[in-house]
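Please open the model in a viewer and keep the selection tool at hand. The tour below proceeds one selection at a time.

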Amino acid sequence: MQRGFKSYAEGLAVEVRREMGIPAHGRLCAFELTKFPGIPTLGFSKLIPAAKEFGVTAGQLKALEKEVHGLCIPFGPGRAILYNDNNLPARQQSDVAHEASHVLLRHPLADIVSGAVTQRSKELEDEAAHLGGTLLLPLPAALHVLAQGMSLGAAAEEYGISTEMVTYRCNVSGARLIHGRRRSAARG
Ligand SMILES: [Zn+2]
């Protein structure tokens with residue numbers, strides 16, 4: 001990831017919240033996020049009748065659902081997001097936020113759908129993964145979780161994300177470090 005990308009992502013997460021009328025530490029639903037720049041989303045389950053008509057077997061569908069969680073496709077002048085709606089809701093949030101991040105970052109489709117893992121495509125994946133997590137739990141939200149002394153489960157529920165994502169974001173955003181410093185400063 002390029003230098004400064006993490007703070008850029010934090011700024012974007014807060015800006016998006018402001019435009020959506022959500023406080024900096026508030027919950028953001030990935031599906032609401034896609035509506036905001038007008039990105040249509042379609043769950044895999046909607047494709048199943050057509051896939052069956054096309055002769056795709058149940059086994060092949062299962063294999064596809066195991067492999068693919070979300071992807072961007074060209075749609076009119078923009079993009080649409082296909083996502084695996086068979087996954088748990090928290091997983092869907094992270095998959096859709098990841099795909100929306102590719103769109104927000106204007107990643108060229110050619111670089112992200114290509115099967116070949118080039119240095120460039122790896123970098124774009126890292127960026128989308130990082131921004132996706134940041135959108136769901138930016139630094140102010142992670143600090144809020146820690147300041148409120150929320151359990152992992154309570155925080156996951158509050159933000160509609162997995163407990164793993166809560167842990168990861170509290171660490172990688174620097175919130176845990178900042179919170180620790182604030183606490184020792186308060187203790188004097
Ligand atoms: Zn991606």
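Select P40, which is partly exposed because its relative accessible area is 30%; buried means under 20% relative accessible area, exposed over 50%, and partly exposed in between, with a 1.4 Å probe and protein chains only. This is a predicted model, in which local features need pLDDT of at least 70 and side-chain atom pairs count only at pLDDT 80 or more, while totals for chains, interfaces and linings use all residues. Residues are numbered from 1 along each chain as its sequence is written, and side-chain values use heavy atoms, with hydrogens and water left out.

P40 sits in the loop between α2 (30-35) and β1 (41-43); helices (H or I, at least four residues) and strands (E, at least two) are DSSP runs, numbered from the N terminus. Add I81 to the selection: the C-alpha atoms of P40 and I81 are separated by 6.3 Å, although the two are 41 residues apart along the chain.

Move next to D85, in the loop between β3 (78-83) and α5. D85 has a relative accessible area of 24% and is therefore partly exposed. From D85 to G43 the C-alpha distance is 5.1 Å, with their positions 42 residues apart in sequence.

Y83 belongs to strand β3. Is Y83 buried or exposed? Y83 counts as buried, at 12% relative accessibility. Select E99 as well: Y83 and E99 are 16 residues apart in sequence and 8.8 Å apart in space, C-alpha to C-alpha.

Now select the zinc ion. Which protein atoms are its donors? They are H98 (NE2), H102 (NE2) and two OE atoms of E125, lying 2.0 to 2.8 Å from the ion. Donors are N, O and S atoms within 2.8 Å of the metal (3.2 Å for Na, K and Ca); water is not among the atoms, so sites may look incomplete. In sequence the donor residues follow the spacing H-x3-H-x22-E. H102 lies in helix α5 (residues 89-104) and E125 in helix α7 (residues 119-136), so this pair ties together parts that are 23 residues apart in sequence. H102 is buried, at 2% relative accessibility, whereas E125 is partly exposed, at 29%.

Display the pocket surfaces next, if the viewer permits. The largest pocket has a volume of about 240 Å³. On a 1 Å grid over the protein atoms alone, a pocket is an open set of points where a 1.4 Å probe fits, with protein on both sides within 12 Å along at least five of seven lines; lining residues have an atom within 4 Å of a point. Among the lining residues are H69, R91, D95, H98, E99, H102 and E125. Which element supplies the largest share of this lining? Helix α5 does, with five residues. Strand β2 (70-75) and helix α6 (109-113) also supply at least two residues each.

Proceed to R106, in the loop between α5 and α6. R106 is not a glycine, yet it has a positive phi of about 50 degrees. Most residues other than glycine have a negative phi. R106 is exposed, with a relative accessible area of 73%.

Finish at helix α11 (residues 175-187), whose 13 residues should span 18 Å at 1.5 Å a residue; the end C-alpha atoms are 18 Å apart, which agrees. The expected span is 1.5 Å times one less than the number of residues. Just after α11, G188 takes a positive phi of about 80 degrees.

Terms used: Points joined across faces, edges and corners; volume = space filled by probe spheres on them.
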